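Got a minute to go through this one together? Let's take the labels one by one and ask what earns each of them.

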Amino acid sequence: NMSHELRTPLNSLLILAKELGKNNKKNLNDNQVKDLSIIYESGVDLLNLINDILDLSKIEAGRMIANLAEVQLQNIVINLENQFAHVARQKNIGFTIKPQEGIEMVITDQQRLEQILKNLLSNAIKFTSQGEVKLNISRSDKLMELRSKMYNPGEVLLFSVIDTGIGIEENKQAMIFEAFQQADGGLSRQYGGTGLGLTISRQIAALLG
């Protein structure tokens, strides 16, 4: 119900605001065009919040399932580069994805894995004003336990997002994975965001095992 009743009219508003903002007939002044851009950007923020709440409610209701399949790692790398490389360039920071040589395929739900990585990379870029953001993909080099099952070295892939951003105080690193929480109340005003991305990422990671 929420998906239909909220997203459908909101999408219509976004389409209209974007079209009007183009000012094709040149009958709007600069302030009116700016107002339309604010309407559009605020609508996008609201749509993202609705999507996050829907995802969270699906997970908590046990209605989100993982569709596991063989996925070419290069496809994931290309998708992430296409989404974030230009954003990093706009902020004048470095952005690299470094898969370890010899890794070609992973068994996972590509959509859900990308959702986790997009949340982490989006946060990393948002909170980094100088330096770089990196995503390293490598095989584990030690015995690992996941869901009470032991995996030999090399059987698990590690996705590591590393940045030179503002960092997170150690005593707040657990809190930021709780719903609607950020490390500092002022951050949401300065940087935006709902505080749901990491909560959803953690839940999806558990879903994927």
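Q: Which residues touch the most other members of the largest nonpolar core?
A: This is a predicted model, and in it Ile76, Leu80, Phe95, Ile97, Leu121, Val133 and Leu135 touch the most other members of that core, which has 20 residues. At least two residues each come from α3 (73-90), β2 (94-99), α4 (110-126) and β4 (132-139). The largest share, 6 residues, is from α3.

Q: What makes a set of residues like this a nonpolar core?
A: Its members have to be buried residues of nonpolar types, joined through side-chain atoms within 4.5 Å. Buried, in turn, means under 20% relative accessible area. In soluble globular proteins, nonpolar side chains tend to be buried together.

Q: Which residues does Leu80 touch, leaving out those up to four places away in sequence?
A: Leu80 touches Ala85, Phe95, Ile97, Leu117, Lys118, Leu121 and Leu135.

Q: What lies apart from the largest core?
A: Another core does, with 7 residues, among them Leu56, Met64, Ile200 and Ile204.

Q: How do you know that α2 and α6 pack, and what describes it?
A: Two packed helices are described by the angle between their axes and the distance between the axes. For α2 (residues 30-60) and α6 (residues 197-207), the angle is about 35 degrees and the axes are 10 Å apart. The crossing is left-handed. On the α2 side the contact is made by Asp52, Asp55, Leu56, Ile59 and Glu60, and on the α6 side by Thr199, Ile200, Gln203 and Ile204. By type, that gives 4 nonpolar, 2 polar and 3 charged residues.

Q: Why is Lys22 with Glu19 called a salt bridge?
A: The cut-off is a Lys or Arg side-chain nitrogen within 4 Å of an Asp or Glu carboxyl oxygen. The closest N and O atoms of Lys22 and Glu19 are 2.9 Å apart, so the pair qualifies. Lys22 is partly exposed at 46% relative accessible area, and Glu19 is partly exposed too, at 41%.

Q: What makes Glu114 and Lys118 a salt bridge, and where do they lie?
A: Their N to O distance is 3.8 Å, and the limit is 4 Å, so the pair counts as a salt bridge. Both residues lie in helix α4, 4 residues apart, about one turn of the helix.

Q: Why is Glu114 given one burial label and Lys118 another?
A: Glu114 has a relative accessible area of 7%, which is under 20%, so Glu114 is buried. Lys118 comes out at 28%, which falls between 20% and 50%, so Lys118 is partly exposed.

Q: What does the salt bridge of Glu178 with Arg202 tie together?
A: The closest N and O atoms of this pair are 3.8 Å apart. Glu178 lies in the loop between β7 (157-163) and α5 (185-191), while Arg202 is in helix α6, so the pair ties together parts 24 residues apart in sequence. Glu178 has a relative accessible area of 40% and Arg202 counts as partly exposed at 39%.

Q: How many salt bridges, helices and strands are there?
A: The structure holds 3 salt bridges, and the chain has 6 helices and 7 strands. Their order along the sequence is α-α-β-α-β-β-α-β-β-β-β-α-α.

Notes. Residues are numbered from 1 along each chain as its sequence is written. This is a predicted model: local features need pLDDT of at least 70, side-chain atom pairs count only at pLDDT 80 or more; totals for chains, interfaces and linings use all residues. Side-chain values use heavy atoms; hydrogens and water are left out. Axes are lines fitted to C-alpha atoms, for helices over the stretch in contact, and angles run from 0 to 180 degrees between N-to-C directions. A crossing is left-handed if the near helix is turned anticlockwise from the far one by less than a right angle, and right-handed if clockwise. Contact means heavy atoms within 4.5 Å. Ala, Val, Leu, Ile, Met, Phe, Trp, Tyr, Cys and Pro count as nonpolar, Asp, Glu, Lys and Arg as charged, and the others, Gly among them, as polar. Buried means under 20% relative accessible area, exposed over 50%, partly exposed in between (1.4 Å probe, protein chains only).
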